[in-house]
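Today I opened a new structure and kept a few notes as I went. Feel free to look along with me.

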Amino acid sequence: METERRTRLSRTKQKADLEGVLRKSWYHLRLAVRHPSRVSTWDAIVLTAASPEQAELYEWQLSRTKRMGRIAASTVTLAVPDPHGHRIGSGAATLHAIHALAAHYQKVEGMKNGVLGCPVPNEGSEDEASSVLVSFIAKRHILLLHAGGDSKRVPWANPMGKVFLPLPYLAADDPDGPVPLLFDHILAIASCARQAFKNEGGVFIMTGDVLPCFDASSLILPEDTSCIITVPITLDVASNHGVIVASKNENVEKSYMVSSVDNLLQKPSLEELVKNNAILDDGRTLLDTGIIAVRGKGWLELVKLAMSSQSLVSELLKSRKEAAWVPARHEWLRLRPLGEELVNSLGKQKMFSYCAYDLLFLHFGTSSEVLDHLSGTGSGLVGRRHLCSIPATNVSDIAASAVVLSSKIEPGVSIGDDSLVYDSSISSGVQIGSLSIVVSINVPKVKGTTESPYRFMLPDRHCLWEVPLLGCTEKVIVYCGLHDNPKDTLSEDGTFCGKPWKKVLYDLGIQESDLWSSSGVQKKCLWNAKIFPVLSYFEMLDLASWLMGLNEKRSKDFLELWRSSPRVSLEELHRSIDFPKMCIGSSNHQAELAAGIAKACMNYGMLGRNLSQLCEEILQKEVSGVEICKDFLDLCPKLLEHNSKLLPKSRAYQVQVDLLRACSNEPTASELEHKVWAAVADETASAVRYGFKEHLLEVPNSISTPSSQINNGYNVNQSFHARSIKVELPVRVDFVGGWSDTPPWSLERAGCVLNMAISLRGSLPVGTIIETTKETGVFVCDDAGNELLIDDLTSIATPFDTNDPFRLVKSALLVTGVIHDNCLISAGLRIKTWANVPRGSGLGTSSILAAAVVKGLVQITDGDASNENVARLVLVLEQIMGTGGGWQDQIGGLYPGIKFTASFPGIPLRLQVTPLLASPQLILELQQRLLVVFTGQVRLAHQVLQKVVTRYLRRDNLLVSSIKRLAELAKIGREALMNCDLDDLGEIMLEAWRLHQELDPYCSNEFVDRLFEFAHPYCCGYKLVGAGGGGFALLLAKDAEHAKELGRLLEEDSNFEVKVYEWNISLA
């Protein structure tokens, strides 16, 4: 039965949705970086490198990644070169990296934090490492990425390191941010895997040329041992890779995904697969992905081994890292150098395999594979134009499918289909063919000539890149065919620029001795062929055309020039790269591109780019970067002058604030921030109070003189009548769409919210009673026992003290015009308010109470008490109060039932409320399955609001795309409800909750996370209501039975002091 189940699952499992996996992983990464105390992140990230020089480059990349917010500030980063520059196997590299990390912790982190008190083991010493240091490392969570090597099959990525090659998946989500790299996506996937370790120390080992796309948050890791990640593959693919033989008789935790490892096979034949029982029931076998997790005691033993002796590492040249954990390999391993020690140290622990059936194994082993991943499965995710300067289509010919990243393209350039251009400046006259790769090329303009530009053509299926060499003024231009394998020898039909070596030599008149030394046993291949000349830039381009077979007219001249020039091979290039020069050049290139984009935005646009983010790149130019930002700051006064009718002042002020901070002028920036918020309030008030008299918001000098009626719908009777008005309103719960209703978003873009009015414990919880009195003045009291008598109405003045318990009522008296209409000359008012919900509930209580008071005041003065009018007045009221906020709360409380509300920017701001005609079946199912739970966590929406609004004013693209998605989800949720599909609504709530945390990670906390984790098995969806941060939670159970069970468990569990409220849809 189990075998049949395994077969069925393995056959039917679909490959992961690439976009869905990456989006979820990136969301998790950003959350872990921004809020590591809530979402666990790695204690250390370690990269192995082939040489000290490459390690220096990796350190620069790691620092840059941390600066860009993709590695937490608390995470230690380290690049570890193979010892003495000699290549060692990944097993030895792992031990060496652990040893180096321990030394780093002791020397740097230990001194800084005082957390370690033991000496660093001396290199080469056979003494046992200090138990304190071993214990310290064993408690850490380490991400180890093997990224050394010479990238022979992807030679253009050799200088940067293959792990840092560009991979612009999801690049369009953040168009002003840096180009996503393979490393960044690996970090995102790995951030989800971190959760599988929980609080148990361990290491997660990955390789730098593979992006394993799977939901790593569902990873199951056995305790106290090692576990290798596998995926089923066909037998033909297995013959070129490592294969895992998993036990079919033993499963851990009753999961078919986790099994013990019986054996390891390397590039096995069919006979070997059959003999070792490695073929699954569906005819496939398990791929060794190179991803290994070690935790608990297994990790402790590995750390002990790494710390025991550095000489062990130097002798483990090519030993398989997994072999010591697999009993079937012990006999083989004991015959290897130090194999006995390995078996004794690690052999006690078993290795397990975790089969990720849906894993997409994206390998970046060759140049053609890189292009395949940009045009194949993930092509829809690729940002094909990112941080680049591209001329108009009538002066250039750039294919729509070409990928142009961090590059400046001059007019008169042609780029063919599916080509990649990265980190380059291409001058006029350059033609790049299809399926070609151009990296770090900077073709200068020909000096001293006004004639036609220098012409250069890169044929289809070719790679072209530049490398700065130590001791060379000029960069060396390097090139090869897309499918060339630098390891293939002359006798093995090796190729150069797509042609067999023999044909290249014959066509160009080159002798073998020109390329390879005749002495020794050196293999004759592209990797060691001394073919690339070191000359002036345009001479190198001329010879490149000749070597690629494109220039036959001056073949003899070129051959003579080539032979007389100093030349280098790919192998020599790899050893002689000037990494500091390359890093500085790349930083300056990125800064110049960012400066050009920012300048165009300031001069020609409407400040639609994220200038704060662009300035981060500009400032990498150090002194000149600050001067560029100061020049932009000088342009700011003209922005409002030239665009006063179109450009919101709030945005213009925010740009100045960001530029001032970029120029390190914090005092002026802080002072100007007040203008930002004042402008937001003014812009909101202007949009929502259209049609109202301006003097409504002013303090009256006197109330003794009657004023004429204003055109606001009020019919004021100035003689006294004993009247009493009672207004009771429900609270609202929002399913999705919140934040799209909030100014300044709703003033500039459309908003959509799906919410519902509910009563709690059988009553409407928010209300007011307003009565007229013969005594003049206004008496106010609330349910907290606060009382206030306002004798002098002229004392009601803005701005109000934030601690004033009656600022809401005072603001209502202003916006309704009661004071200005002289209603209170010979009479007074008694106003009582209540809100029978906990403080900070997230149910929109403040705005709904404001709606109740406003509605009562306009009713008692015979004014326009329609919901539309009241909702607009409340928006004005909230600006007067200084709380900000949007329109969804008052809409949620004023209009009964479930409704979909859309807002349309303009003057006035228009709202369209569409009640959803819910069937009795839908209402019954909702009330049976939806739990409304008070978490006990107090929230302050205003604090969250300020952060989100600031990010919007900066034009933070991730925030903009998140709110757009929330508005879109509101439309999808409306359809789900109308189709009575609560399961779909649950999925929408989950995505909405993820997006809310994207907007602000502090909208949740550890308690709420634990609550949702507890509820997850019972629910199809959950979220906090409102802006988050605490208050009430909505838990949508899978069915009525799960809802009852979950409600009972929450009430009984002492770990959760929460209250499950009885509720009903308010339909009246």
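These entries go from the whole chain to one sheet and the helices on it.

**Entry 1, the chain.** I noted at the start that this is a predicted model. I then looked up the secondary structure and found 34 helices and 41 strands in the protein chain. Burial came next: 60% of the 1068 residues count as buried. I also checked the accessible surface, which comes to about 43700 Å². Carbon and sulfur atoms hold 49% of that surface.

**Entry 2, contacts.** I took the contacts between residues at least 6 apart in sequence and asked how many join residues at least 24 apart. The share I found is 71%.

**Entry 3, one sheet.** I picked an open sheet of 4 strands, and I read their order as E38-E39-E37-E40, with antiparallel pairing. Why is one side of E38 and of E40 left without a neighbour in the sheet? Strand E38 (1019-1024) and strand E40 (1059-1061) stand at the edges and each has a single partner strand, so one side of each stays free of a neighbour there. I looked up the twist as well: neighbouring strands are turned by 25 degrees against each other on average, direction ignored.

**Entry 4, a strand pair.** I followed E37 (residues 930-934) to E40 and found 3 bridges in the antiparallel sense. Val 932 has Tyr 1061 in E40 as its bridge partner.

**Entry 5, helices on the sheet.** I saw helix H29 (residues 920-929) packing on the sheet, where H29 touches E37, E38 and strand E39 (1032-1037). The direction of H29 makes about 40 degrees with that of E37. Helix H33 (residues 1006-1015) packs on the sheet too, touching E38 and E39. For H33 I noted about 165 degrees between its direction and that of E38.

Notes
Residues numbered from 1 in each chain as written. Predicted model: local features only at pLDDT ≥ 70, side-chain atom pairs only at ≥ 80, totals over all residues. Heavy atoms only, no water. Pairing = 2+ DSSP bridges. Axes fitted to C-alpha atoms, helices over the stretch in contact; angles between N-to-C directions. Contact = heavy atoms within 4.5 Å. Buried < 20%, exposed > 50% of the residue type's maximum accessible area, 1.4 Å probe, protein only. Areas by Shrake-Rupley, 256 points an atom, 1.4 Å probe, with all protein chains shown as cover.
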